[in-house]
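Grab a coffee and open the viewer. Below are some short exercises, each with a worked solution to check yourself against.

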Amino acid sequence: MSKIFAARLRDLRKNANLTQQELADKIGRTAGQVSKYEGDAGDPGLDILVKLGDIFDVSVDYLVGATNIRSVPKPNDVNYLYIRDDAGVRRMINIPMDQVERVKALLAAGIPGLLD
């Protein structure tokens with residue numbers, strides 16, 4: 001996989017106070033396979049990456065090094081707001097729930113038709 005994945009998996013497992021065997025039991029693999037993942041000698045596959053993300057409450061993107069943002073937004077934490085850009089293309093942006101109404105009001109006041 002990658003050195004980033006190997007290091008992140010090892011750190012997440014240790015921070016969760018799990019042994020390689022305990023993690024292996026949770027993902028349906030052997031301790032030897034977990035050791036290989038942590039040693040950058042094995043490819044876990046997407047199904048295992050998803051399980052690991054769920055166990056450690058991180059995104060697959062974080063696990064594989066595509067982002068440094070660990071947390072996965074929860075449905076109650078984020079709202080998806082659709083806006084149109086200058087070319088008229090509808091785009092989705094993520095807004096924290098406690099800021100949605102404020103952002104909508106600011107956008108509607110400043111850019112007519114933006115929220116259509």
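**Exercise 1. One face of α2**

Which residues are buried in α2?

Solution. Keep in mind throughout that this is a predicted model. Start with the cut-off: a residue is buried when its relative accessible area is under 20%. In α2, Leu23, Ala24 and Ile27 are buried. Next, look down the axis of α2: these buried residues fall within an arc of 105°, so they line one face of the helix. Now turn to the face away from that buried side, and you meet the exposed residues Asp25 and Lys26. What covers the buried residues of α2 includes α1, α3 and α4. Finally, step just past the end of α2: glycine 28 has a positive phi of about 70°.

**Exercise 2. How α2 meets α3**

Work out at what angle α2 and α3 pack, and which residues make the contact.

Solution. First the geometry: helix α2 (residues 20-27) packs against helix α3 (residues 31-38) at an angle of about 105°, and their axes are 8 Å apart. Angles of 65 to 115 degrees count as roughly perpendicular, so α2 is roughly perpendicular to α3. Then the residues: α2 brings Gln20, Gln21, Leu23, Ala24 and Ile27 to the contact, while α3 brings Ala31, Val34, Ser35, Tyr37 and Glu38. Sorted by character, the residues of this contact come out as six nonpolar, three polar and one charged.

**Exercise 3. Check α4 with a ruler**

Find out whether α4 has the span expected from its residue count, then sort its buried and exposed residues.

Solution. Step one is the span: helix α4 (residues 45-56) has 12 residues, which at 1.5 Å a residue should span 16 Å. The end C-alpha atoms of α4 are 17 Å apart, which agrees. Step two is burial: Ile48, Leu49, Leu52, Gly53 and Phe56 are the buried residues of α4. Seen down the axis of α4, they sit within an arc of 145°, so they line one face of the helix. On the other side of α4 you get the exposed Leu46 and Asp54. Step three, the partners: the buried residues of α4 pack against α1, α2, α3 and α5. Right after α4 comes aspartate 57, with a positive phi near 55°.

**Exercise 4. α1 and a buried arginine**

Is arginine 13 buried or exposed, and what does it touch?

Solution. Begin with the helix that holds it: arginine 13 is in α1. The 13 residues of α1 should span 18 Å at 1.5 Å a residue, and its end C-alpha atoms are 18 Å apart, so the two agree. The buried residues of α1 are Phe5, Ala6, Arg8, Leu9, Leu12 and Arg13, and they pack against α2, α3, α4 and α5. Now the arginine itself: at 8% relative accessibility, arginine 13 counts as buried. Leaving out residues up to four places away in sequence, arginine 13 touches Leu18, Thr19, Gln20, Leu23, Glu38 and Phe56.

**Exercise 5. A second arginine**

Locate arginine 70 and list its contacts.

Solution. Arginine 70 is in the loop between α5 and β1. At 40% relative accessibility, arginine 70 counts as partly exposed. Apart from neighbours within four places in sequence, arginine 70 is in contact with Leu12, Asp57, Val58, Ser59 and Tyr62. Take serine 59 from that list: it is 11 residues from arginine 70 along the chain, and their C-alpha atoms are separated by 6.5 Å.

**Exercise 6. Positive phi in loops**

What are the phi values of asparagine 17 and aspartate 40?

Solution. Asparagine 17, in the loop between α1 and α2, has a positive phi near 55° although it is not a glycine. At 67% relative accessibility, asparagine 17 counts as exposed. Aspartate 40, in the loop between α3 and α4, has a positive phi near 60° and is not a glycine either. With a relative accessible area of 28%, aspartate 40 is partly exposed.

**Exercise 7. Zoom out**

How many helices and strands does the protein have?

Solution. There are six helices and two strands, in the order α-α-α-α-α-β-β-α along the sequence. Of the 116 residues, 27% count as buried.

Note on methods. Residues are numbered from 1 along each chain as its sequence is written. This is a predicted model: local features need pLDDT of at least 70, side-chain atom pairs count only at pLDDT 80 or more; totals for chains, interfaces and linings use all residues. Side-chain values use heavy atoms; hydrogens and water are left out. Axes are lines fitted to C-alpha atoms, for helices over the stretch in contact, and angles run from 0 to 180 degrees between N-to-C directions. Helices (H or I, at least four residues) and strands (E, at least two) are DSSP runs, numbered from the N terminus. Angles under 35 degrees count as roughly parallel, over 145 as roughly antiparallel, 65 to 115 as roughly perpendicular and the rest as oblique. Contact means heavy atoms within 4.5 Å. Ala, Val, Leu, Ile, Met, Phe, Trp, Tyr, Cys and Pro count as nonpolar, Asp, Glu, Lys and Arg as charged, and the others, Gly among them, as polar. The expected span of a helix is 1.5 Å times one less than its number of residues. Buried means under 20% relative accessible area, exposed over 50%, partly exposed in between (1.4 Å probe, protein chains only). The arc is that of the directions from the helix axis to the C-beta atoms.
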